[in-house]
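Colleague: Please take one part of this entry and go through it closely, and then connect it with whatever else can be described with confidence. I would like a careful account rather than a quick list.

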Amino acid sequence: MLDPITRIEGHLSIRTEVENNHVVEAYCSGEMFRGFETILRGRDPLDAQQITQRICGVCPVPHGLASILAQDQAYGITLTKNGRLLRNLISGANFVQDHILHFYHLSAVDFVDVAAVAKYNGNDNSLNELKAWVNSQLNSNILFPAAPFLPRYSGNYIENDELNFIALKHYLEAMEVRKAGTQMVALFAGKIPHPAGLIPGGVSEKVTADKIAAYSARLKKLRTFVDTAYLPDVIEVAKVYPEYFDIGKGCGNFLAYGIYPESETDTERFLPGGVLLDNELHALNAAQITEDTRFSRFSSPSGLNPNVGQSAADPGKQDAYTWLKAPRYDGHVVEVGPLARMMVGYHYEQPQIKNIIDDTLTKTGLQPRHLVSALGRHLARALETKIIVDRCAEWLEQLVPEKPAFVDFEIPQNSHGIGLWEAPRGALGHWLNIKDYKISNYQCVVPTTWNCSPRDDQGKPGPVEQALVGTRIEDEQNPIEAARVVRSFDPCLACAVH
Ligand code: NFE
Ligand code: MG
């Protein structure tokens, strides 16, 4: 039992059956009910982007963006150039700081030996200087034995002093870098968390030369950190754990809705959408999305498309073991997230994605199959960060100061819209139906709902459940191997149960 899984958002419990030191069965349980889809019924559609942002404190930005995208569609809106670019820049800054958060503050300490840094009393001057700097930043001997680094599972942590020291230094610097990233969101979206500036028709903040300059200065900080710390650190940590490129493979099918429209008509997205089933690429068809509920605590019918989805809670339901539904694509179990986006983009031969993946594979001596693994997810996330942070600089240059970033609109009496977007953790969809100017149905299918989904009606386990099976657990009292596999997906259960 891993309950709760720490260093993720929300309440996730993992039950495994282990035989001969290997996981043979795994069950993911989301231990919380939120009820947002019920709360939204009967409300003014304009409330949706404010209410759905409260699904999560980590990713309010993508929920807001998916919601206004669904509304754009329902109201028949085409964005202005500034509106499109601002949304890309808001989302870009959010992705970059969120991926940095996931690596340094949530996952790296599964590998980096923070305790070894605290205990270091060798003669290396540069390491002693680093230790003094780290302690000055922390303002006490908080490192050992103290939270947030301890307690932890015992396991095979990194033994290279220099790597441990540098990673911990970057852990601390990442806090400042993330601050800059969140400020970049606030500059163009009004505030953070839960931006008020995300509205159907565009973004309510004005584009000014001052704001562009302020965003640009912070973007520079982010780009430097990604180039000199995040990407190299992921590769250095990965070198110590080559076996994790063969652990935590998962279902091997991937889905991305795509994100970052490159034109106002949204016909092409910088990170493309698509579905990869058994290594074969398919165009996305939202009608193929369904949610099963056999093992979920809902009395609603199973197998509904979210356009007609229902979310009636049934806490005592027999055999149900989670508050997550089981989303499926044409009946297939699919993984979503940075790895899915990179796999789909690679198969589309999107130039930035293809080049950086090919380069990285050559430099590291890895094979393409290694990407589909626990460490492959970390690498894909870092590569995606690099691609996005560089592209943000180009979008910023395309903004036209003082030109409008929104268009006016009217809400029709009856309409519907689907906001298919991407959150840092994967494909995020909001399905909106409007009747008599009010929300008649609102359904969210969220990244972690896909990844941490329970078994479906056919009994097929979800992506994380599948990724755990086969994992070798050295010591059942310290199942660090399983924790590493689960955290590679960057789960957010607050979102998943919504
Ligand atoms: Ni609560 Fe979220 C992201 C969304 S994940 S963090 O990224 O949508 O299920
Ligand atoms: Mg839902």
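Modeller: What follows begins with the metal site and then moves outward to aromatic contacts, a sheet and a helix. Please bear in mind throughout that this is a predicted model.

The nickel atom of ligand 1 takes its protein donors from three cysteines, namely Cys56, Cys492 and Cys495, each through its SG atom, at 2.3 to 2.4 Å from the metal. Along the chain these donors follow the spacing C-x435-C-x2-C. The geometry of the nickel site is tetrahedral, the angles among its four donor atoms running from 107 to 118°. For reference, the ideal angle for four tetrahedral donors is 109.5 degrees. The iron atom of ligand 1 lies 3.1 Å from the nickel atom. As for the surroundings of the donors, Cys492 has a relative accessible area of 1% and is therefore buried, and Cys495, at 3%, is buried because its value also falls under the 20% cut-off.

Moving on to the aromatic side chains, the count of aromatic pairs comes to 19. One of them joins Phe103 and Tyr104 in an edge-to-face arrangement, with 5.0 Å between the ring centres and 80° between the planes. Phe103 counts as buried because its relative accessibility is 4%, and Tyr104 counts as buried because its own value is 1%. Phe111 and Tyr244 make an edge-to-face pair as well, here with 6.1 Å from centre to centre and 85° between the planes. This pair links distant parts of the chain, since Phe111 belongs to the loop between helix H4 (81-107) and helix H5 (114-119), whereas Tyr244 belongs to the loop between helix H8 (209-240) and strand E5 (254-256), with the two positions 133 residues apart. Phe111 and Tyr244 are both buried. In addition, a single aromatic cluster is formed by Phe95, Tyr260, Phe270 and Trp395.

Aromatic rings also meet charged groups in this model. The charged end of Lys169 sits over the ring of Trp133 at 5.7 Å from the ring centre, and the charged end of Lys325 sits over the ring of Phe298 at 5.3 Å from its centre.

Turning to the backbone, three strands form an open sheet with antiparallel pairing, in the order E12-E13-E14. Strand E12 (415-423) and strand E14 (438-445) stand at the edges with a single partner strand each, so that one side of each has no neighbour in the sheet. When direction is ignored, neighbouring strands of this sheet are turned by 15° against each other on average. E12 and strand E13 (residues 426-435) run antiparallel and are joined by nine bridges. In this pairing Ser415 is found opposite Ile434 of E13.

Finally, helix H9 (residues 338-347) is largely enclosed by the rest of the structure, because eight of its 10 residues are buried. The buried residues of H9 are Pro338, Leu339, Ala340, Arg341, Met342, Met343, Val344 and Gly345, a list that includes a charged side chain, that of Arg341. After H9 comes Glu349, which has a positive phi near 60°.

Notes. Residues numbered from 1 in each chain as written. Chains lettered and ligands numbered in written order. Predicted model: local features only at pLDDT ≥ 70, side-chain atom pairs only at ≥ 80, totals over all residues. Heavy atoms only, no water. Phe/Tyr/Trp six-rings, centres within 6.5 Å; stacked < 30°, edge-to-face > 60°. Buried < 20%, exposed > 50% of the residue type's maximum accessible area, 1.4 Å probe, protein only. Helix = DSSP H or I, 4+ residues; strand = E, 2+ residues; numbered from the N terminus. Lys NZ or Arg CZ within 6 Å of the ring centre and 35° of its normal. Donors = N, O, S within 2.8 Å, 3.2 Å for Na, K, Ca; no water. Tetrahedral: all angles 85-135°; square planar, octahedral: opposite > 155°, others 65-115°. Pairing = 2+ DSSP bridges. Axes fitted to C-alpha atoms, helices over the stretch in contact; angles between N-to-C directions.
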